[in-house]
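Hi everyone, thanks for coming. Let's take a short walk through one structure together, and please keep it open while I talk.

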Amino acid sequence: MSKIIPSMTPAASSEAIVLSDQARFTILTSRLIRMELDPEGLFDDRASLTYWYRQQPVPKFNIFRNDGWLTIETDDLILHFYENNRFHWRDLWIKLKQSGQLWRYGDQDYSNLGGTIRTLDSTRGPVPLGDGLVSRSGWALVDDSNNLVLDKELWPTPREKSIAYKDLYFYGYSQDYLGAIQDHQRISGKPNLLPRWTFGNWWSRYWCYSAQELTALMDEFQTRQVPLSVCIVDMDWHNTKTGNASSGWTGYSWNRELFPDPEGFVAGLHQRNLKTALNLHPAEGVHNHEDHYPIMATRMGVDPASGQPVPFEIADPQFAQAYFEVLHYPLEKQGVDFWWLDWQQGSRSKIAGLDPLFWLNHLHYYDQGKSPEKRPFVFSRWPGLGGQRYPIGFSGDTVVDWASLAFQPEMTAKASNVAYGWWSHDIGGHCEGVEDAELYLRWVQFGVFSPIFRLHSTNNEFIDRLPWSFGLDTFQLTRFAMQLRHKLIPFIYTANERNVRTGEPLVLPMYYSWSEEEDAYACPGQYTFGQQMLVAPVSSPTDPMTGFTRKTVWLPKGNWTNFFTNEAFQGGFWYSLYCDKGDIPVFVPDGAIIPLGVDPVANGVDLPVILQVKIFAGLQGEFDLYEDDGEGQAYLDGEFCQTLITQSYDQNSLRITKEASRGDFVSHLPEGRTWQFEISSVSEPSNITAFLDGEPIPISNKYNSGLKVVSIEAIACPNTCKLEIILENINLERRETSPVEKIERLIRRAKLPTIVKQQFMRRLPELMVNPMSMFDIAHNFTKSQLLAIYESLVSASRIKPSQDLESAYEMMMVNLRKIGVS
């Protein structure tokens, strides 16, 4: 039987509750307080759609009463309430002890850092996001008063409370943003472990494929060495020409003209190591053209002979049961792995206040995990707070536009502010707009470093998401990116486990780790990825005069290294990077350890036989690699293993250790696994030694003096053995790129007469000494070219450069004049 079923502990311990006649306060954590007001004094201990787990360890707190005032003090908060049976700004307020920040009832939160949104359908560029659970004000408030609760049958029902009833949750976490969303998930619920194959590349297109065409396309991906793990079939899998009142959007019966042998088609995908999903638009119910209409009609009390449709009503338990048993289970028996729930039809149902999307997500999530061979998840839109329990999110049909791409990194990161960490976007954009090879490539590059990678577009013959449809150059770069995505799965899958265990999402805004730095709030288009990476996706086109895209990036204090080029950067500064089409701005701190799979070409996401570990040398660092069977629920019984990889530098020696794998799954790891190591930011060692369980073993290595990288070739290491590598007599040396190198790269690419390029490079030494001499040559260059030269000379800035060319150019001129005066 499935080990994943809805289980709730909604009633808090009586020791955590403080009563005050018609008011009740529940101390859920030292920084999270539930505040209720009910004129009838009948407080509600049932689980709401958002909050399931109010029974928590009781935090330490003290209660004081004086002159009609109730004071509750925890380690972090002081709540004051005048016991007069009302919530009012004069009578209810909370102070955050550490910061001194104050909230009064009725306060508006103008500093909220934002949450997420139901869908990006038909949007172009930024859209308003709802409130998050974190704020620069130090507090956030959730009003759960009108939310439905679950009855004894775990079915949603209205509370039937008076309009004066209040059910509020106060989050007082100051700038501990991660702590806020972690505690929220303790009270609301966390997602379970997603299947390993969800982190590979997905193919999807709204297109009238036949089984033969789609299978041939999957083979072409393999021929071109572009790996996939999922093939989604959009709505044309079912009959769309119904001959009745149905529009054809809803369907549960295979289109036998396109898919004459559904079982064979699905089996063919599985043989290619691909999972598959079918698209669902369930809103129109079940009409009489459907294969299972007679059974469904009978189950719902409709005479099949009448031909009358069975209305969709997911709020009806009888319909919901038949919906799964009659319509979905036969298709799952044919091999369908999961469902793409494409609900777009509003937020009303026959239960007042119940959004069908929320309940569809809930029911599909637990139904997906009904057997221990599968893990529960949905592929649907965000239903609201509490939706973090039901990943994965489908963000909707965005317009093909640079502005749409530019907003998605921000939107993805901010979703973590409501603990929603698994968005999937239509990579390349969905509809309308202007197709552009560079835009497509940049979207793919962002997709590699997003939670779920999925190519998708609408049924327009002039919109294409095939990697080879934009020319050879774009194809090669896209293939590199999609192969990289599959190589990153050991890293991403470990973050998946961390999300389940700790509540920490894969993608986080910069201010989570650097909340005291003002600059962290000024770079919404960059984020951390799996703790050890900082990603700043390029989201604007190439400047035709420089031949590069200008991207401004903020790096926090410390040493940072470009993940791809090994170029060193000093943190605490803003940088204007000039990116080639193949450049993806990804940075790692000293001490980072990134495990990669080495077979990025094959479909699927099998546990790698060869692991390459990228070590970015620092004083210390570690990575605890998590592995299991990738699909079933056996991990809940301990069927998983972890492999700790560490590095430490001391007395000119760098020690790298791969500990013996630990856990019940060790015997299922690939036999004969080998390990490769690429160690960056080091001088050439005088000697390298390796030990397997303490015994010396021979190794083969080479040193790249230009990149400052030691490469150690594959070492066979049994999974139960410990491997140690020691690099002796080394320094931590970083690969510095000189301004001259940067400028020469710019000049070679710039759209300029060759004689101008030659003259400029001859004057470069003078320019390095006296930047004011730029004024002498300015007439030969465009503004974007001059700005590129200047920013390559200056390199770093403590003030954020404007992304706008004109503003940045004006600031450059101001700075040059200041240099001239000094």
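Let me start with a pair of helices, H11 and H14, whose crossing is right-handed (seen with one helix in front, the near helix is turned clockwise from the far one by less than a right angle; anticlockwise would be left-handed). Before going on, a word on what we are looking at: this is a predicted model, where local features need pLDDT of at least 70 and side-chain atom pairs count only at pLDDT 80 or more, while totals for chains, interfaces and linings use all residues. Residues are numbered from 1 along each chain as its sequence is written, and side-chain values use heavy atoms, with hydrogens and water left out.

The element names come from DSSP runs, numbered from the N terminus, with helices (H or I) of at least four residues and strands (E) of at least two. In general, two packed helices are described by the angle between their axes and the distance between the axes. Here the axes are lines fitted to C-alpha atoms, for helices over the stretch in contact, and angles run from 0 to 180 degrees between N-to-C directions.

Back to our pair. H11 covers residues 739-749 and H14 covers residues 783-794, and they pack at about 165° with their axes 8 Å apart. H11 and H14 are therefore roughly antiparallel (angles over 145 degrees count as that, under 35 as roughly parallel, 65 to 115 as roughly perpendicular, and the rest as oblique). Which residues of H11 and H14 meet? From H11 come Pro-739, Lys-742, Ile-743, Leu-746 and Ile-747, and from H14 come Ala-788, Ile-789, Ser-792 and Leu-793; contact means heavy atoms within 4.5 Å. By class, this contact of H11 with H14 has seven nonpolar residues, one polar and one charged. For the classes, Ala, Val, Leu, Ile, Met, Phe, Trp, Tyr, Cys and Pro count as nonpolar, Asp, Glu, Lys and Arg as charged, and the others, Gly among them, as polar.

Now let's look at the cores. In soluble globular proteins, nonpolar side chains tend to be buried together. A nonpolar core here is a set of buried Ala, Val, Leu, Ile, Met, Phe, Trp, Tyr and Cys residues joined through side-chain atoms within 4.5 Å, and buried means under 20% relative accessible area, with exposed over 50% and partly exposed in between (1.4 Å probe, protein chains only). The largest nonpolar core has 151 residues, and Trp-203, Tyr-323, Phe-449 and Met-533 have the most contacts inside it. Helix H5, residues 317-333, gives the most to this core, with eight residues. Apart from it lies another core, of 38 residues, with Leu-28, Tyr-177, Ala-536 and Phe-569 among them.

Tyr-323 is worth a click. Leaving aside neighbours within four places in sequence, Tyr-323 is in contact with ten residues' worth of company, including Tyr-252, Met-296, Phe-312, Leu-360 and His-364. 

Tyr-323 also takes part where H5 meets H6, alongside Ala-320, Phe-324, His-328, Tyr-329 and Glu-332 of H5, facing Leu-360, Leu-363, His-364 and Asp-367 of H6. That contact divides into six nonpolar, two polar and two charged residues. H5 and H6 pack at about 50°, with their axes 12 Å apart, and are therefore oblique to each other. H5 passes H6 in a right-handed crossing.

One more pair: helix H7 (residues 402-414) and helix H8 (residues 437-448) pack at about 10°, with axes 10 Å apart. That makes H7 roughly parallel to H8.

Next, Phe-170, in strand E12 (residues 166-171). Is Phe-170 buried or exposed? Phe-170 is buried, with a relative accessible area of 0%. Not counting residues up to four places away in sequence, Phe-170 touches Leu-32, Ile-33, Trp-103 and Trp-139, among others. Phe-170 and Arg-34 are 136 residues apart in sequence, yet 6.4 Å apart in space, C-alpha to C-alpha.

Asp-144 sits in the loop between strand E9 (140-143) and E10, and at 3% relative accessibility Asp-144 counts as buried. The residues touched by Asp-144 include Ser-48, Tyr-51, Arg-159 and Asp-167, again leaving out residues up to four places away in sequence.

Finally, some backbone details. A cis peptide bond joins Pro-391 and Ile-392, with omega about 20°, and Ile-392 is in the loop between helix H6 (356-368) and strand E17 (393-394). Gln-225 has a positive phi of about 60° although it is not a glycine, and Gln-225 is partly exposed at 38% relative accessible area.

Thanks for listening!
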